[in-house]
Amino acid sequence: MKAVLCKEFGPVDQLVLEDVASPHAGAGQVVIAVKACGVNFPDGLIVQGKYQTKPPLPFSPGLEVAGVIQEVGAGVENLALGQNVIAFPGVGGMAQEVLVESWLVFPMPDSMSFADGAGFLITYATSHHALKTRGGLKPGETLLVLGAAGGVGLTAVEIGKVMGARVIAAASSDEKLALCRDYGADETINYATENLRDRIKALTAGKGVNVVYDPVGGELAEQAVRGMAWLGRYLVVGFAAGDIPRIPLNLLLLKSSALIGVYWGAALKADPAKGRADVAELLDWYSAGKLKPCVSATYTLDKAAEAIAHVTGRQAKGKTIVVMA
Ligand SMILES: NC(=O)c1ccc[n+]([C@@H]2O[C@H](COP(=O)([O-])OP(=O)(O)OC[C@H]3O[C@@H](n4cnc5c(N)ncnc54)[C@H](OP(=O)(O)O)[C@@H]3O)[C@@H](O)[C@H]2O)c1
């Protein structure tokens with residue numbers, strides 16, 4: 001089978017496409033014939049050896065896939081040969097076949113395409129975990145989403161609306177903000193041309209926002225902390241801008257507000273039953289038409305490095321995927 005390989009940590013253009021041996025399912029595992037693989041910002045970090053986890057070399061990038069079960073290991077009872085699934089292998093998705101622990105595999109709804117399925121799991125589950133479990137977002141509260149047209153950001157806009165919040169989407173271009181409006185954002189802030197803190201104040205009659213969802217970090221973070229309401233919750237999701245912000249703690253004291261870490265992959269592994277229940281709720285929302293995955297760029301497997309660069313280079317809107325054929 002063909003696989004994109006990272007043979008040494010470094011720039012994504014060092015990735016190569018090669019023939020490798022097919023994997024085989026051990027006890028509790030399945031092999032999935034991959035139809036499409038979702039591209040995520042961490043793919044670029046993992047390939048460069050800059051992520052919190054470093055897979056043993058050589059490996060294939062690709063954290064999440066959609067495909068068809070092609071081999072079932074001993075003791076796996078909830079999945080069948082030929083079944084369409086989405087899965088979170090965590091590594092190895094940019095290949096024609098991937099080995100996955102069966103508990104990280106979910107049946108794909110009949111109405112879902114492989115393209116939508118490939119980009120569903122990480123972004124929606126991260127935003128669900130952030131807004132519901134970590135942030136306790138309540139109906140009628142105001143949610144500010146930074147990087148709102150990106151992979152996780154756009155799902156936070158959608159889930160915020162499903163949960164009954166007023167959503168302010170913030171991003172770096174009017175084109176990106178138009179997409180956020182299409183996905184339900186009530187208000188928008190272009191932080192390339194407008195002062196974030198001033199606009200938050202103007203849009204909330206000076207009260208500030210109840211919850212901030214931040215996958216960007218960098219210099220926007222302190223402005224957003226200053227734009228929080230009394231009892232505000234600041235969800236630390238990622239640092240796409242590169243810099244990890246340092247926040248003066250007096251700002252939290254003044255508003256009785258909280259900084260809250262969010263790490264969906266680790267939360268899933270810490271409490272698999274809760275993580276699987278959350279994904280089941282998201283798939284129900286999808287089947288009910290409440291979520292509409294936005295796949296805006298598609299690359300073939302031989303162009304996987306370009307796909308990753310598209311995401312890490314601030315070009316992507318919604319999801320980017322790699323397809324096998
Ligand atoms: N905590 C978790 O469990 C979890 C799960 C998944 C992802 N993440 C993290 O969330 C972040 C976003 O991931 P993603 O896959 O959604 O990425 P993405 O689609 O590329 O979105 C990131 C957004 O960040 C903004 N950004 C600002 N400065 C940037 C820069 N210098 N380079 C690139 N983007 C920049 C961009 O929006 P504008 O152009 O509008 O500013 C972009 O849309 C990453 O840090 C990732 O590691 C965390």
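This is a walk through a predicted model, starting at the bound ligand and moving on to a pocket, a cavity and two spots in the backbone.

Let us begin with the ligand. Its shell is made up of 26 residues, and among these the ones that come nearest are Gly-151, Ser-172, Lys-176, Tyr-191 and Val-262. Two of those names return when we look at polar atoms. Lys-176 places a polar side-chain atom 2.7 Å from an oxygen atom of the ligand. Val-262 takes part through its backbone, where a polar atom is 2.7 Å from a nitrogen atom of the ligand. Phe-239 also uses its backbone, with an N or O atom lying 3.2 Å from a ligand oxygen. How much of the ligand's accessible area does the protein cover? On its own the ligand has 900 Å² of accessible area, and the protein covers 91% of it.

Which elements give two or more residues to this shell? They are four helices: H1 (41-47), H3 (121-134), H4 (151-162) and H11 (304-312). It is also worth looking at the shell by domain, since domain 1 (2-120 + 294-323) and domain 2 (123-265) each contribute at least three residues. If you sort the shell by residue class, you find 16 nonpolar residues, eight polar ones and two charged ones.

Now for empty space inside the protein. Rolling a probe the size of a water molecule over the atoms shows where such space is left. A search of the whole structure turns up one cavity of 30 Å³ or more. The largest cavity holds about 50 Å³ of space. Its lining consists of Tyr-124, Gly-151, Leu-154, Thr-155, Glu-158, Pro-293, Cys-294, Gly-318 and Lys-319. You may recognise Gly-151 from the list of residues that come nearest the ligand, and here Gly-151 lines the largest cavity. Helix H4 provides the largest share of this lining, with four residues. Domain 1 and domain 2 each supply at least three residues to the cavity lining, just as each gives at least three to the shell around the ligand. By class, the cavity lining has four nonpolar, three polar and two charged residues.

Next, turn to the second largest pocket, which holds about 180 Å³ of space. Thirteen residues line this pocket, and those nearest its centre are Met-1, Ser-60, Gly-92, Glu-97 and Val-98. Here the strands come into view: E1 (2-5) and E6 (97-101) each supply at least two lining residues. Which of the elements gives the most to this lining? That is E6, with three residues. The lining has ten nonpolar residues, two polar ones and one charged one.

To finish, here are two places in the backbone to look at on your screen. The peptide bond that joins Leu-57 and Pro-58 is cis, with omega at about -10°. To find Pro-58, follow the loop between H1 and strand E4 (64-72); H1 is one of the helices that give residues to the ligand shell. The other place is Ala-205, whose phi is near 50°, a positive value in a residue other than glycine. Ala-205 sits in the loop between helix H6 (196-203) and strand E11 (209-214).

Key:
Residues numbered from 1 in each chain as written. Predicted model: local features only at pLDDT ≥ 70, side-chain atom pairs only at ≥ 80, totals over all residues. Heavy atoms only, no water. Near = heavy atom within 4 Å. Polar contact = N/O pair within 3.5 Å; in protein donor to acceptor, adjacent residues only side chain to side chain. Areas by Shrake-Rupley, 256 points an atom, 1.4 Å probe, with all protein chains shown as cover. Nonpolar A, V, L, I, M, F, W, Y, C, P; charged D, E, K, R; others polar. Domains from an automatic or database assignment. 1 Å grid on protein atoms, 1.4 Å probe; cavity = no way out; pocket = protein on both sides within 12 Å on 5 of 7 lines; lining within 4 Å. Points joined across faces, edges and corners; volume = space filled by probe spheres on them.
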